[in-house]
Amino acid sequence: MKISYNWLKEYLDIDLPATEVAELLTDTGLEVEGLEEHQSVKGGLEGLVIGEVKTKEKHPDADRLSITKVDVGTGELLDIVCGAPNVDTGQKVVVATVGATIYPTEGEPFTIKKAKIRGQASQGMICAEDEIGLGTSHDGIMVLENGARVGMLAKDYFKIGSDYTFEIGLTPNRTDAMSHYGVARDLLATLKTNRKGYENVELKKPDVSAFKTENTDLVIPVEVQDSEACPRYAGVTINGVTVKESPDWLKNSLTTIGQKPINNVVDITNYILHGLGQPLHAFDTAQIKGGKVIVRKMDEGTTFITLDEEERKLDANDLMICNAEDGMCIAGVFGGIHSGVTEQTTAVFLESAYFDPVHVRKTAKRHTLNTDASFRFERGIDPDQTVFALKAAALLIKEVAGGTISSEVIDIYPKSIPAHEIEVGYAAVNRLIGKNIPAEKVKSILAALEIEILSDGSNGLKVSVPAYRHDVTREADIIEEILRIYGYNNVEFTSKISSSISYSQKPDKENLRNLVSDHLSANGFAEIMSNSLTKGAYYENQEESVEILNPLSSDLGVLRQSLLFNGLEAIAHNINRKQANLKLYEFGYTYHLKGGEGRDKYLEFPHFAVFVTGQRHAESWKVKEENVDFFTLKGAVDAILNRLGLNDTKTSELEGSTELQYGLSINKNGKEIVQLGSITKKQLKKLDIEQEVFYADLNWGNILKLVGEPIKYKEIPVFPEVRRDLALLLDKNIKYTEIEQLAHQTERKLLKAVNLFDVYEGKNLPDGKKSYAVSFTLLDEEKTLTDKEINKTMDRLINAYKAKLQAEIR
């Protein structure tokens, strides 16, 4: 949020340096993230002076150029080559001297230098209005009035204003500070509390005593059909207005805070919005059919075209500002295409209302609209200044657009919104703040914050909090208000550190996560961190999706059931930017809706995902291009499990997966810990990914349970291992896992490892056959194996393969 210092001083009589004000605001909780000097004309016309053209001669080598001598008050005439057709002797002009940087209305700024133009020296530039940011015309140079003083600085002649803009990082709960008046209120509170000389300073609100109804020629009746969604609605008509460009003071005020001026009437509504925090809307009375305003909800599916020319279908719970026939505006959110003020408008109905924050928030989210008005309404504004802001705006419209106030103020407020009453104990104040603050100091701070003290006891206070402080509802909130005005920096802290021995959970989840992250990052993987909110359309099992009640958008409508699509979104994003060789990993939770009651039906599980796609190595003259494959991923997963000490796992073919077209499932002690494989084309198509992507989903919850099991140590064998190889001719449909599992089932004592080191299919083999070359590692931990024992074991393995797999030994 941007706040103008000059505008702020309209409500508070101070003259402190802008940097000091920024520090004070930050200390009160309104963090100033940036401070920028702002000028009504960019560059402030620095280096530009008023000059007088003394002579003009035609350039000898250019028909459209003139050679002039210009007096700029230095006692020496400047030679300036000028191409403007209207330059002439005796004119008072704006001159950019050598070294000045000028900022054109359009285009980049540039610095004036001594130059030769077609052989003639030029010591500056006579300026047109668009060349220095004072307008858009480039028909010729600016010719000033004869009374302009030679040598006068251009910024003084044009009365260029200077201002500072505070960029405040406002927290969502501080709706009371979403205006210049609200910021001034907080600033005065801290000045009264912490600075001498400000005890009697008061806030200055606009004077509305001149407001009066001049006639009743244009009365627009108002009917509010839903007082829950619209607790307060006020309006007044102004007849005979002239819609035109706003005066400079109004345009400068708005442009300083980044607002674009539109016309004098609309600009006044924006001025009140940012000045007092009250959103307003000006309706063209000619567009109010039937001469009546009705605040109501419309039928489900009713079409409505908003100011941005978008056709929207209304929800039955959307509150609308209607005329006698149809809708004119989505209440508190956005105007309709025909509701706005144009240059043809001669009379306006000015609306000032308090809409229920929940209704506005839900409507804004449904239509994915976020406006300055909805931003304030959905967080809660001050219901007690509705009519005051209306009167202030009406008087300003009269000032800048003319007209007469042609109706009484309509104020429909059937049930007033009460202030909050809260009890605050002095002991609680001192305990939470960590410092004993005198009772008188506490009361002075509350008074500065406009919090009324209803009763004062020896142990505490009973206070009434203004209705505009929607965030102050508990004793702790009052104490927070006291602390931020008293000053966080005024609470001393000691050098003493108190600590206690805490139980450390085993295994340490963070250490294990860092262990795996360090391993993968050291091997060329990049960690991604993505949003748990995602598209519901990604998932086939919609019944398991945990839906968000008020989603920011349809793309963030559910909590993820899997880490798969977050990774694919990252991969698609990178592929679209010519980064197709990727190795990624992510830790995160998945969320599921199951049977049960209350919170028990919501489940979340920790998972860990690994992705590989593209080329195995970066492009290089010395490395052959080779795509990653399933075994690239399998190697990475095996390394992770080995790093975690998870050995003796069982591997089986993955079945029934909707995410992977083929792959493996890895289990340990009856718990599945990994699913890995190649992602189906159906899933890749959802993100328009054409290259193959390999994905491993590690059940981090199960892994943590297994890692926590006690580690058993045993001595390193002192007897030698023996390796024997077999070449097995098998049917093509037989998988290596079957060979490995059968080997361990046949020989449980001596067999330590089985390894596949070659696979052959093709020439010299029968159809439907393939050859596996498998090595077997044998070891007896108590003695050295003899040839007889080794041969006996290998015979048993061969017989098992022949009997159960119909293998032939080659």
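The following dialogue works through several features of a predicted model, from its sheets to its cores, a pocket and a few loop residues.

Trainee: Where should I begin with the sheet that contains β6, and what is the order of its strands?

Mentor: Begin by listing which strand pairs with which. Here the sheet is open and has 5 strands in the order β5-β4-β3-β6-β11, paired in the antiparallel sense. β5 (77-82) and β11 are the edge strands; each has a single partner strand, so one side of each lacks a neighbour in the sheet. On average, neighbouring strands of this sheet are turned by 45° against each other, direction ignored.

Trainee: How many bridges join β6 to strand β3 and to strand β11?

Mentor: Strand β3 (residues 48-58) pairs with β6 over 5 bridges, in the antiparallel sense. On the β11 side, 3 bridges link β6 to residues 124-126, again antiparallel. Individual residue pairs help to fix the register. Glutamate 52 has lysine 92 of β6 as its bridge partner, and leucine 48 stands opposite alanine 96 in β6. Toward β11, valine 95 has isoleucine 126 as its bridge partner.

Trainee: Is β6 mostly covered or mostly open to the surroundings?

Mentor: A general idea comes before the case. In a regular strand, side chains alternate between the two faces of the sheet. Strand β6 (residues 92-97) is mostly covered, with 5 of its 6 residues buried.

Trainee: What is the order of strands in the sheet that contains β38, and which helices lie on it?

Mentor: The same reading applies: first the order, then the edges, then what packs on the sheet. This open sheet has 4 strands in the order β39-β40-β38-β41, with antiparallel pairing. Its edge strands are β39 (751-760) and β41 (808-809), each of which pairs on one side only. Strand β38 (residues 722-731) and strand β40 (residues 769-778) are joined in the antiparallel sense by 10 bridges, and among the residue pairs is aspartate 725 with serine 775 in β40. Helix α18 (residues 736-746) packs on the sheet, where it touches β38, β39 and β40, and its direction makes about 155° with that of β39. Helix α19 (residues 787-805) lies across β38, β40 and β41, and runs at about 15° to β38.

Trainee: Which residues touch the most other members of the largest nonpolar core?

Mentor: A core is read through its members and their contacts. The largest nonpolar core has 61 residues, and Leu12, Phe166 and Leu187 touch the most other members. Helix α9 (residues 386-401) gives the most to this core, with 12 residues. Another core lies apart from it and has 32 residues, including Ile220, Met320, Ala353 and Val360.

Trainee: What is leucine 187 in contact with?

Mentor: Once neighbours within four places in sequence are set aside, leucine 187 is in contact with Leu8, Leu12, Ile14, Val21, Leu24 and Leu25.

Trainee: How is a pocket recognised, and which residues lie nearest the centre of the second largest pocket?

Mentor: Rolling a probe the size of a water molecule over the atoms shows where empty space is left. The second largest pocket holds about 1,200 Å³ of space. Its lining has 38 residues, of which Gln39, Ser40, Val41, Asn252 and Thr255 lie nearest its centre. At least two lining residues come from each of β1 (2-4), α1 (5-8), β2 (32-39), β12 (162-168) and α5 (248-256), and α5 gives the most, with 7 residues.

Trainee: Where is glutamate 129 found, and what does it touch?

Mentor: For a loop residue, combine position, accessibility and contacts. Glutamate 129 is found in the loop between β11 and α3 (154-157). Its relative accessibility is 25%, so it counts as partly exposed; the band for that term runs from 20% to 50%. Not counting residues up to four places away in sequence, glutamate 129 touches Thr105, Leu134, Gly135, Thr136, Ser137 and Met142. Its C-alpha atom is separated by 8.4 Å from that of glycine 140, 11 residues apart along the chain.

Trainee: Which phi values do asparagine 669 and aspartate 688 have?

Mentor: Asparagine 669 has a phi near 55°, a positive value in a residue other than glycine. Aspartate 688, also not a glycine, has a positive phi of about 60°. Asparagine 669 lies in the loop between β35 (660-668) and β36 (671-679), and at 52% relative accessibility it counts as exposed. Aspartate 688 lies in the loop between α16 (681-685) and β37 (693-699), and is exposed, with a relative accessible area of 68%.

Technical notes: Residues numbered from 1 in each chain as written. Predicted model: local features only at pLDDT ≥ 70, side-chain atom pairs only at ≥ 80, totals over all residues. Heavy atoms only, no water. Buried < 20%, exposed > 50% of the residue type's maximum accessible area, 1.4 Å probe, protein only. Pairing = 2+ DSSP bridges. Axes fitted to C-alpha atoms, helices over the stretch in contact; angles between N-to-C directions. Core = buried A, V, L, I, M, F, W, Y, C linked by side-chain atoms within 4.5 Å. Contact = heavy atoms within 4.5 Å. 1 Å grid on protein atoms, 1.4 Å probe; cavity = no way out; pocket = protein on both sides within 12 Å on 5 of 7 lines; lining within 4 Å. Points joined across faces, edges and corners; volume = space filled by probe spheres on them.
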